[in-house]
Amino acid sequence: MTQPAIQAIIFDFDGTILDTESTQFATVRDEFERLGQTYEMADFFHTIGRADQRHWSEVLQERTGPLDNIGEIRTRRLAAHHQLIAQTPLRDGVVALIDLAERYNKALAVASSSPSSWVEEHLTTRNLIDRFAAVSTRDHVEKAKPWPDVFLHAADRLATDPRACLVIEDSANGVAAAKAAGMTCVAVPNPITRPGDFSDADLVLDSLADLPYQRFGLG
């Protein structure tokens, strides 16, 4: 069967549009260290790009025992995370690709394993929310990544054949979800996700700015 031309581009959010993963790791690690515990990259790495993992605060209390102030700890960590994110630039090439997609009449969506409140808040803060015709998150599906549901939901919202969708991802779990959905996937790992296995991706890039646009009907 002939592969249809790319008609839509679907971005992952965390780590792809904005590197919220490095900032999340740093702020969670800080809370562990406050209580004399360690939180290593290995503790965090396998959770990236999926929604079916235990919350870090559960792991913390597994090591320390129950904490009466765990709500305060979570609130403090989230505030620190937001502060770091505010100082973090969009990843290279993101805006340029959005601009090109609009110029060539490609539909745009975000598909994320994070909740809608998180994704939409940060897209709004960065003045990007109105540039996407659809935002699909774990709130819209039974299973988030590495299952394909969130990508299929985005394609359905765009009224686009999944085989005509180009996904931009940063994690191995995200790539697995995109390929399970029958989509073309370009992986652009960030410093946190770079050790992952991206062998299933159609293309792996150091920067989205290096995307061969013509290959995907964008020039």
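These legends describe close-up views of a predicted model.

**View 1. Helix α3 packs against helix α4.** Helix α3 covers residues 56–64, and helix α4 covers residues 70–86. Their axes lie 11 Å apart, at an angle of about 135 degrees. That angle makes α3 oblique to α4. The crossing of the two helices, α3 and α4, is right-handed. From α3, the contact takes in Trp56, Ser57, Leu60 and Gln61. Their partners in α4 are Ile70, Ile73, Arg74 and Arg77. By class, the contact of α3 with α4 holds 4 nonpolar, 2 polar and 2 charged residues.

**View 2. Helix α4 packs against helix α6.** Helix α6 spans residues 116–125. The axes of α4 and α6 are 12 Å apart and make an angle of about 30 degrees. Angles under 35 degrees count as roughly parallel. The α4 and α6 crossing is right-handed. On the α4 side, the contact residues are Leu78, His81, His82 and Ile85. On the α6 side, they are Trp118, Glu121 and His122. The contact of α4 with α6 divides into 3 nonpolar, 3 polar and 1 charged.

**View 3. A salt bridge joins Glu31 and Arg76.** The N to O distance between these side chains is 2.6 Å. Glu31 sits in helix α1 (residues 20–34) and Arg76 in helix α4, so the pair ties together parts that are 45 residues apart in sequence. Glu31 has 3% relative accessibility and therefore counts as buried. Arg76 is partly exposed, at a relative accessible area of 37%. A search of the whole structure finds 8 salt bridges.

**View 4. Glu169 and Lys145 form a salt bridge.** The closest N and O atoms of this pair are 2.7 Å apart. The bridge links distant parts of the chain, 24 residues apart. Glu169 belongs to strand β4, while Lys145 lies in the loop between β3 (134–136) and α7. Both Glu169 and Lys145 are buried. The pair also takes part in a network of salt bridges, in which Asp12 is linked with Lys145 and Glu169.

**View 5. A salt bridge joins Lys179 and Asp202.** The side chains of Lys179 and Asp202 meet at 2.7 Å, N to O. Lys179 is in helix α8, and Asp202 is in the loop between β5 and β6 (203–204). This pair, too, links distant parts of the chain, here 23 residues apart. Lys179 is partly exposed, with a relative accessible area of 30%. Asp202 is partly exposed as well, with a relative accessible area of 35%.

**View 6. Helix α8 has buried residues and is followed by a glycine.** Helix α8 runs over residues 172–180. Its buried residues are Asn173, Gly174, Val175, Ala177 and Ala178. The cover over these buried residues includes α7 (149–158), β4 (165–169) and β5 (184–187). Strand β4 also holds Glu169, the salt-bridge partner from View 4. Helix α8 itself carries Lys179, shown in View 5. After α8 comes Gly182, with a positive phi near 80 degrees.

How values were computed:
Residues numbered from 1 in each chain as written. Predicted model: local features only at pLDDT ≥ 70, side-chain atom pairs only at ≥ 80, totals over all residues. Heavy atoms only, no water. Axes fitted to C-alpha atoms, helices over the stretch in contact; angles between N-to-C directions. Parallel < 35°, antiparallel > 145°, perpendicular 65-115°, else oblique. Left-handed = near helix turned anticlockwise from the far one by under 90°. Contact = heavy atoms within 4.5 Å. Nonpolar A, V, L, I, M, F, W, Y, C, P; charged D, E, K, R; others polar. Buried < 20%, exposed > 50% of the residue type's maximum accessible area, 1.4 Å probe, protein only. Salt bridge = Lys/Arg side-chain N within 4 Å of Asp/Glu carboxyl O.
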